[in-house]
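Work through the exercises below with the model open. Each task is followed by a solution in steps.

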Amino acid sequence: MNLDALFALLAKARELSGHSDYVVIGSLSILGLEDHFDVPEDMTLSNDVDCYTRDDPDRTFDLVAALGENSLWHQGHGYFLDAVTPALPTLPEGWRARLIPVSRDSLTAWFLDPNDAAISKYARGEPRDRRWIRAGIRSGVVSLPMVRSRLRGVTFLDNEESQRTRGLIEEDQAWCDRSTH
C-alpha cells in the first residue's frame, strides 16, 4: 500500500460522501510520512484503510457497501476502507493535536503520529502489530522513550490491557537492548 493508492480510495470516498477530510489510524497511518521517509515494507502490508470522516465520523459507515471489504472497490483494487470511529483505538491524550496532515487534490488525510499508533498497537498486541512496531523501532520512526512518556496520558480499556501494553513495551526494550550489543 502507498499514499497514491490511499488517496485514490479517499477520492472515491469524497465522491460518494462529499467529505474531503479523513483521519487514518492503524497500520497505514504510517503513510503520512511517506513523502519524507522511506517507510519500511513491514509497516505497509495492510490492505484495509482504517479511517473515518473527520467532521462526521459516523458518516464513514455509509461508505462500507461501496468501498469496504468484499466491495467492488476491494475486488478491483485489492484494498478497502475499514470504517472506524475515533473511540476505537487506545490512544494517549493529545493525539488529535499530533495528527499529520497530507493534502492532495483538495483532499486531506490526517494520519496518526507513529508513536501514538504504536501505543494502540501495543494495546492490541497481535503479532502483525508487533511486526509493525519493531519495523518502526528499527527505522527510527517509533521511539520507545516517547511511547513510554505518552503512556501516562492513556486511558486503557481495563487493567489487563494496561499490563499487556506495558509488558510488550518492556519486551521490545529488551529486544532493542540485545540488538545494540
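A polar contact is a pair of N or O atoms within 3.5 Å; within protein, one must be able to donate a hydrogen and the other to accept it. Keep in mind that this is a predicted model.

**Exercise 1.** Place threonine 90 in the fold and decide whether it is buried or exposed.

Solution.
- Start with the location. Threonine 90 sits in the loop that links strand 3 (80-83) to strand 4 (100-104).
- Take its relative accessibility, 12%.
- Apply the cut-off: buried means under 20%. Threonine 90 therefore counts as buried.

**Exercise 2.** Find what surrounds threonine 90, and which side chain it joins in a polar contact.

Solution.
- Leave out residues up to four places away in sequence.
- Ile119, Ser120, Ala123, Val154, Thr155, Phe156 and Glu161 then touch threonine 90.
- Now look at the side chains. Threonine 90 and glutamate 161 are joined by a polar contact of 3.1 Å.

**Exercise 3.** Describe the chain: which elements does it have, and in what pattern?

Solution.
- Count the elements: 7 helices and 5 strands.
- Read along the sequence. The pattern is α-β-β-α-α-β-β-β-α-α-α-α.

**Exercise 4.** Test the chain against the radius of gyration of a compact globule.

Solution.
- For 181 residues, a compact globule would be near 16 Å.
- The chain has 16 Å, so the two agree.
- Add the extent: the C-alpha trace spans about 50 × 30 × 30 Å along its principal axes.
- Add burial: 52% of the 181 residues are buried.
- Finish with contacts. Of those with a separation of 6 or more, 70% come from residues 24 or more positions apart.

How values were computed:
Residues numbered from 1 in each chain as written. Predicted model: local features only at pLDDT ≥ 70, side-chain atom pairs only at ≥ 80, totals over all residues. Heavy atoms only, no water. Helix = DSSP H or I, 4+ residues; strand = E, 2+ residues; numbered from the N terminus. Rg over C-alpha atoms; globule rule 2.2 N^0.38 Å. Buried < 20%, exposed > 50% of the residue type's maximum accessible area, 1.4 Å probe, protein only. Contact = heavy atoms within 4.5 Å.
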